Amino acid sequence: MSAKSVSAPDNAPLEIALDNSGRVYFGDTVVKADEIAPKLAAIFAEAPERRVYIRADQGLDYGRVMGLMTTVNNAGFTKIALLTDPAKLKTK
């Protein structure tokens, strides 16, 4: 068993959230709109196999969520998933 190199890329999923006021978060950090694509490109360069999880406020327009997904995909990521909050899902 060997320890992970300090310079090895972080392969934990990147969680991106989009709130109802349009703010984008990478983890707990707010990212300005003009910084999203460059940050994603830098992360992809270090860890191209990394998964990206997108969480969006349920009241958001579908187009805004798709726009973020397109930006993530344009950075090179192909393993993209939408996260939901099961507690908010209604069952019949």
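Before anything else, a word on pLDDT: it is the predictor's confidence in each residue, on a scale from 0 to 100. I start there because what I'm showing you today is a predicted model. Across the protein chain the average pLDDT is 85, and 82% of the residues reach at least 70. The stretch to treat with care is residues 1-8, where pLDDT stays under 50. For those residues the model has two contacts beyond four places in sequence.

Okay, on to the fold. The protein chain has two helices and five strands. If you walk along the sequence, you meet them in the pattern β-β-β-α-β-α-β. How do the contacts spread along the chain? Take contacts between residues at least 6 apart in sequence: 69% of them join residues at least 24 apart.

Let me zoom in on the later part of that pattern. Strand E4, residues 52-56, and strand E5, residues 80-83, run parallel and are joined by four bridges. On your screens, look for Val-52, which stands opposite Ile-80 of E5. Helix H2, residues 62-74, belongs with these two strands: E4, H2 and E5 form a β-α-β unit, and that unit is right-handed.

Now for the inside. The largest nonpolar core contains 17 residues. Ile-16, Phe-26, Ile-36, Leu-40, Val-52, Leu-68 and Val-72 are the ones with the most contacts inside it. Which elements supply two or more residues to this core? They are strand E1 (14-18), strand E2 (24-26), helix H1 (33-46), E4 and H2. H2 gives the largest share, with four residues.

If you'd like one residue to click on, I'd pick Val-72. Skipping neighbours within four places in sequence, Val-72 touches Ile-16, Leu-40, Val-52, Ile-54, Phe-77 and Ile-80. You'll recognise Val-52 and Ile-80 there, the two residues that face each other across E4 and E5.

For contrast, let's visit a loop. Gly-22 sits between E1 and E2. Is Gly-22 buried or exposed? Neither: its relative accessible area is 27%, so Gly-22 counts as partly exposed, since buried means under 20% and exposed means over 50%. From the C-alpha of Gly-22 to that of Lys-32, 10 residues along the chain, the separation is 10.0 Å.

Last, the overall surface. Of the 92 residues in the protein chain, 22% are buried. The accessible surface is about 6600 Å², with 53% of that belonging to carbon and sulfur atoms.

Terms used
Residues are numbered from 1 along each chain as its sequence is written. This is a predicted model: local features need pLDDT of at least 70, side-chain atom pairs count only at pLDDT 80 or more; totals for chains, interfaces and linings use all residues. Side-chain values use heavy atoms; hydrogens and water are left out. Contact means heavy atoms within 4.5 Å. Two strands pair if DSSP finds at least two bridges between them. A crossover is right-handed if, with the strands pointing away from the viewer, the path from the first strand over the helix to the second runs clockwise. A nonpolar core is a set of buried Ala, Val, Leu, Ile, Met, Phe, Trp, Tyr and Cys residues joined through side-chain atoms within 4.5 Å. Buried means under 20% relative accessible area, exposed over 50%, partly exposed in between (1.4 Å probe, protein chains only). Accessible areas come from the Shrake-Rupley method with a 1.4 Å probe; for residues, only the protein chains shown count as cover.
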